[in-house]
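The following exercises concern the overall make-up of one chain and the strand environment in another. Each task is followed by a worked solution.

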Amino acid sequence: MTRLLLIAYGNPLRRDDGVGWLVAESLRPEFSDSTLTIITSCQVLPEMVTAVSEAAYVFFVDAGMNLLPGDWHEEPLVPVLDATASSMTHHLTPGQLLAMSWILYGTAPTAWMITIGGADFALGEGLSPAVQRACEAVCQHLHGRITALTSVQIR
Amino acid sequence: MTNKVISIDPVTRIEGHARITIQLDSKGQVADAHFHVTQYRGFEKFSEGRPFREMPSLMARICGICPVSHLVTSAKACDELLAVRVPPTAVKLRKILTLAQMVQSHALSFFYLSAPDLLLGMDADPAKRNIFGIMESNPEMARGGVRLRQFGQQIIELLGDKRIHPAWVVPGGVNAPLTAEKREQMQAMIPEMKAFALHMLEWFVPTQTRFAEEILAFANFPTMYLGLVGPGNTLEHYDGDLRLVDAKGKMVEAAIDPYSYQDAFGEAVEEHSYLKSPFYRPLGYPDGIYRVGPLARLNIVDRCGTPLADEALAQFKQIPLEERQSSFYYHYARLVEILYGVERIEQLLDDSRILDTHVQALASPNAFEGVGIAEAPRGTLLHHYKIDENGLIQWANLIIATGNNNLAMDKGVLQTARHFIKKGKLDDGVLNRVEAVIRTFDPCLSCSTHAVGQMPLHIQLVSAAGEVTDEIKR
Amino acid sequence: MVKTLRIDDQDVSAGTDDTILQVAQDNAIFIPTLCNLEGLKPVGACRLCLVEVEGYRGLAPACVTRVEEGMQIYTQSERLQTYRRMILEMLFVEGNHVCAVCVSNGTCELQALAQRLGMDHSHLEYRNPAKSVDVSHYRFGVDHNRCILCARCVRVCDEIEGAHTWDLLGRGIQSQVITDLNRPWGESKTCTSCGKCVQVCPTGALFKKSKAVAEMEKEHEFLPYLNTIREVRSNG
């Protein structure tokens, strides 16, 4: 069985910043736990490395400020040893987490980053309209991606 | 050369916000140095008028790092208000929670915050001196750090259903028993954790010879040590006697009455910090300086009470006590305590009555005053409440683990600065050491500045060239 | 006699004496309420159940408005959603609702409604009023910081228990629930300590003193049952 991992991060109490969580929660009922492991968190944490090292594929989902609201894209991720960023905090970037998996467990799963441009990062729950539409589109996209990845493996 | 003030702001890789200032005289020698805690809270004040049963959850909000310690200590103070005997199984479950918190906290302090210095050296390239540097140079240790932290977090989550602010510990006990399934999940993790804890000790202990200078100058001075001890002078984090020993290991107070702590300890307010400085009253301020936390606990006890940790403690005790007064040994002590924590959790889980369902004693308040004491990862934590006849909090006072170490931290900064700063010559390695001495104590500043008090103000204007152009004090 | 009307463009039928709220609930149409509780007389106090009725000048409280033949009712308009959130915001800023340390965290009707209606923070300024806590009763406590003045306690004590211990004192934001003639609850001569007020309270304002944070679960399934018994007795 292919092990897929979805790590959605951001602050669900900061409106569009929580889009990853909403993507994760709407995919949760669609797949069994043995197919897709879902982790939601405010940040990418070093402790996630064990789950990453056990996965064949990982999707990271986060909101971004550098995209137009409602725009989204998927890009492949590579392990990044950007050491300067983490000397004083306990959180990492997805690339750093992959690097960590590679160094500690000798395996870095194939991974993609899905970034969704946010408009409203004020205190509160719920998405702005454009991001809501993007959220639905990303769910549909991920549903297809995950189904494809799991069926390839079965053959 | 004129007078010069060096400011390290913020101090990195600690929990909370702080600043260090070092004053140089005209010859470039260190004239004085201080550790400033720059954040400000107000918990004692806003608990007034609240029903006492809210206190454990309310006080847990002091800190997102060690909420469990406040939860447990507050519940112990509330037990005193109820004046009941907490069911033995509830006591054991609370102990497991306390130890799990300690393991994950020590793992964070050692592996995430301090290991970069310890593994790569104080003078290593700052770009390498971080968690990635550790992973590359010792992956086994990094795996252990991650897994030990996870272990502690998972136990807290399994017991309290929440990782950060569990409401499971309540006055009189806990509000749900442990299930067989959860016990098995916890037990399954133990062997791996023991192996990791042992591996860390095997690796770290010999490497300490590299740090002779740091051992010499990292808050290396005689102080008393304060901590809880179990029967037979064993390591204890939840129950037991509050013991104070002097720098030579001689008993000062075998068992301080929790209700007389205000006779034993005073709290001095320093102008330069929001953090109060407790001291042992009979010796006065500042001679009544003492330390708490992992090093203090190990320097007080004779035994741990678990087989592997007892061996580790025996090895630790081969270092002469006068050398073991260096705060550098907090790191070593933390590793011994991690091993102890894992072993003790195993013992408690194996207890035949750990699944008992009677886990809460029910009562109305029977006493107007309650003091609860427990050992937080960082040291002795005390909550003291007074209620009216209906159970509303009239007054609360907290003495926080990190606060107990405030005098020693402040003095330690001065000692380290004097030792490493020669003729005003500064480099990154020297500055890193001044921070590292604070990190040995693993201070949690969010917690320790919980109280309302005087707001000291200390602003220093330092030009790019290092000239103090202005300074305001209040 | 049956009446037919439309709610949110859906054809529904109703009994003559039904209120809009009853008909909506029978047809699984959600209208938020806080003061209303099955088994107690509706009072229209919280204003959360306001709906739009075609031909009406103002909004109508669904819990006390009887249906009429041919009524056109709208329950989900943007205007109503905004008003509902605003009412909730006012309830939150007029008291001191700190969910994290409340006995009713996770089971509170006010909290649940705020979540359901998307009131995630307040646009109004918190007033942080100085309110008291009365825990003089040997079993129960009242924390006025968490009271939303729905008067369920007043009604259950009067209508069901027949003790009429609870009442409302004062006007506007100064209002508060009181026991007897504003004496401490523990000194009340009329309170039977039955605990019904505690069970019907939608928030953590009324609570059992033995409960710690998030431990207070309220039960009010007993109310319709007690009402039936009362009706049977008075008719028989």
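**Exercise 1.** Determine what share of the residues in chain B is buried, and characterise the chain's contacts and exposed surface.

*Solution.* The model is a predicted one.
Step 1. With buried defined as under 20% relative accessible area, buried residues account for 63% of the 474 residues in chain B.
Step 2. The secondary structure of chain B consists of 16 helices and 17 strands.
Step 3. Among contacts in chain B with a separation of 6 or more, 70% link residues 24 or more positions apart.
Step 4. The exposed area of chain B is about 16700 Å², of which carbon and sulfur atoms supply 51%.

**Exercise 2.** Which residues of strand β3 (residues 50-53) of chain C lie on each side, and are they buried or exposed?

*Solution.*
Step 1. In a regular strand, side chains alternate between the two faces of the sheet.
Step 2. In β3(C), C:L50 and C:E52 lie on one side, and C:V51 and C:V53 on the other.
Step 3. All four are buried, and both faces of the strand are thus covered.

**Exercise 3.** Identify the strands of chain C to which β3(C) is joined by bridges.

*Solution.*
Step 1. Strand β4 (residues 60-61) of chain C runs antiparallel to β3(C), with two bridges joining them; C:L50 stands opposite C:P61.
Step 2. Six residues lie between these strands in the hairpin, where C:G55 adopts a positive phi near 95°.
Step 3. Strand β5 (residues 72-74) of chain C is also antiparallel to β3(C) and is joined to it by two bridges; here C:V53 stands opposite C:I73.

Terms used
Residues numbered from 1 in each chain as written. Chains lettered and ligands numbered in written order. Predicted model: local features only at pLDDT ≥ 70, side-chain atom pairs only at ≥ 80, totals over all residues. Heavy atoms only, no water. Buried < 20%, exposed > 50% of the residue type's maximum accessible area, 1.4 Å probe, protein only. Contact = heavy atoms within 4.5 Å. Areas by Shrake-Rupley, 256 points an atom, 1.4 Å probe, with all protein chains shown as cover. Pairing = 2+ DSSP bridges.
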